[in-house]
Structure formats: C-alpha cells, structure tokens
Amino acid sequence: MPRLLVLGAAVVTVAAGLGVRALFDGPVPKYAGDALYTVLIYTLVTLALPRVKPWVAAGVSTGASWLIEFAQLGEIPAVLRPLLGSTFNPPDLFWYAVGAAAAWAAHTLWLRRTG
C-alpha cells in the first residue's frame, strides 16, 4: 500500500477516536477507542512494512493490543498509563479483534481493487 495512504488512514483513525470521545458518552467511546487503537497499530505495522500481508498485520496488531492489555494485570508506570492504560478489562480483548478484523477487511478490499 502507498505509504501516504497509510499515513492518511492513521490520521483519520486518530481523528475518529477523538471524535467518538467528544461526541458520545458511556461505553461507546471506550470500546470504539479499543477497536481504533488496534486499527492504529495496524496502520503503523503497514506503514513500517508496506508489503505486509493483511492477515499478518491483523495478527501483529491484535497480538500487540492483547499484550498491552495483559500487561495491565501488572503495574504500568505512571508515565505510560495515558498510552497503555492501567486496568485490565476482558471485553477489550474482543474489541481489539474487531478493530483488527475491520482493518484487515479494508486492507484486503484495497488490495483486490488495485491489484
């Protein structure tokens, strides 16, 4: 994928996360934020490795998100809590997979249309 397109997708992902937090209350922004967090990791993987297969990027982004979530069972340094969180929440694992699946689907569709 073209790096400029992937960079644009990362910016849109961050904007969507901020927008959801600004517009909604309750569980919607929390779980949308979880999914979008994984989408952002997916875009960063794709930015670093432009020829990565969608299923590999999805696996790496899900794995990284889950690793960060399970790390919350221990003590996260205070300086990293805004980025990594501080409280383990099992439903987050599902929403990370949803984000990876959405990014995988969009990436796969893009490749089919352009390739």
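Which residues does T43 touch, not counting residues up to four places away in sequence? In this predicted model, T43 touches V6, A9 and A10 when such sequence neighbours are set aside. T43 lies in helix 2, and the points below follow that helix through its packing against helix 5, its part in a nonpolar core and two of its buried residues.

**Packing of helix 2 against helix 5**

- Helix 2 spans residues 27-48 and helix 5 spans residues 90-114; the two pack with their axes 7 Å apart, at an angle of about 45 degrees.
- The angle lies neither under 35 degrees nor in the range of 65 to 115, and helix 2 and helix 5 are therefore oblique to each other.
- Their crossing is right-handed.
- By class, the contact of helix 2 with helix 5 comprises 11 nonpolar, 4 polar and 3 charged residues.
- On the side of helix 2, the residues taking part are K30, Y31, D34, A35, Y37, T38, V39, Y42 and T46.
- On the side of helix 5, they are P91, D92, W95, Y96, G99, A100, A103, W104 and H107.

**The largest nonpolar core**

- The largest nonpolar core has 9 residues in all: V39, I41, Y42, V45, V52, A57, A58, A100 and A103.
- Helix 2, helix 3 (54-71) and helix 5 each supply at least two residues of this core.
- Helix 2 gives the most to the core, with 4 residues.
- In soluble globular proteins, nonpolar side chains tend to be buried together.

**Y42, a member of both the core and the helix contact**

- Y42 belongs to the largest nonpolar core and is also among the helix 2 residues that meet helix 5.
- Not counting residues up to four places away in sequence, Y42 touches P54, A57, A58, S61, A100, A103, W104 and H107.
- Among these partners, A57, A58, A100 and A103 are core members as well.

**D34, a buried charged residue**

- D34 is placed in helix 2 and takes part in the contact with helix 5.
- D34 has a relative accessibility of 9%, and therefore counts as buried, the limit being under 20%.
- Leaving aside neighbours within four places in sequence, D34 is in contact with D92, W95 and Y96.

**T43, the residue of the opening question**

- T43 is buried because its relative accessible area is 7%, which falls under the 20% limit.
- T43 and T13 are 30 residues apart along the chain, and their C-alpha atoms are separated by 8.9 Å.
- The contacts of T43 with V6, A9 and A10 again leave out residues up to four places away in sequence.

Note on methods:
Residues are numbered from 1 along each chain as its sequence is written. This is a predicted model: local features need pLDDT of at least 70, side-chain atom pairs count only at pLDDT 80 or more; totals for chains, interfaces and linings use all residues. Side-chain values use heavy atoms; hydrogens and water are left out. Axes are lines fitted to C-alpha atoms, for helices over the stretch in contact, and angles run from 0 to 180 degrees between N-to-C directions. Angles under 35 degrees count as roughly parallel, over 145 as roughly antiparallel, 65 to 115 as roughly perpendicular and the rest as oblique. A crossing is left-handed if the near helix is turned anticlockwise from the far one by less than a right angle, and right-handed if clockwise. Contact means heavy atoms within 4.5 Å. Ala, Val, Leu, Ile, Met, Phe, Trp, Tyr, Cys and Pro count as nonpolar, Asp, Glu, Lys and Arg as charged, and the others, Gly among them, as polar. A nonpolar core is a set of buried Ala, Val, Leu, Ile, Met, Phe, Trp, Tyr and Cys residues joined through side-chain atoms within 4.5 Å. Buried means under 20% relative accessible area, exposed over 50%, partly exposed in between (1.4 Å probe, protein chains only).
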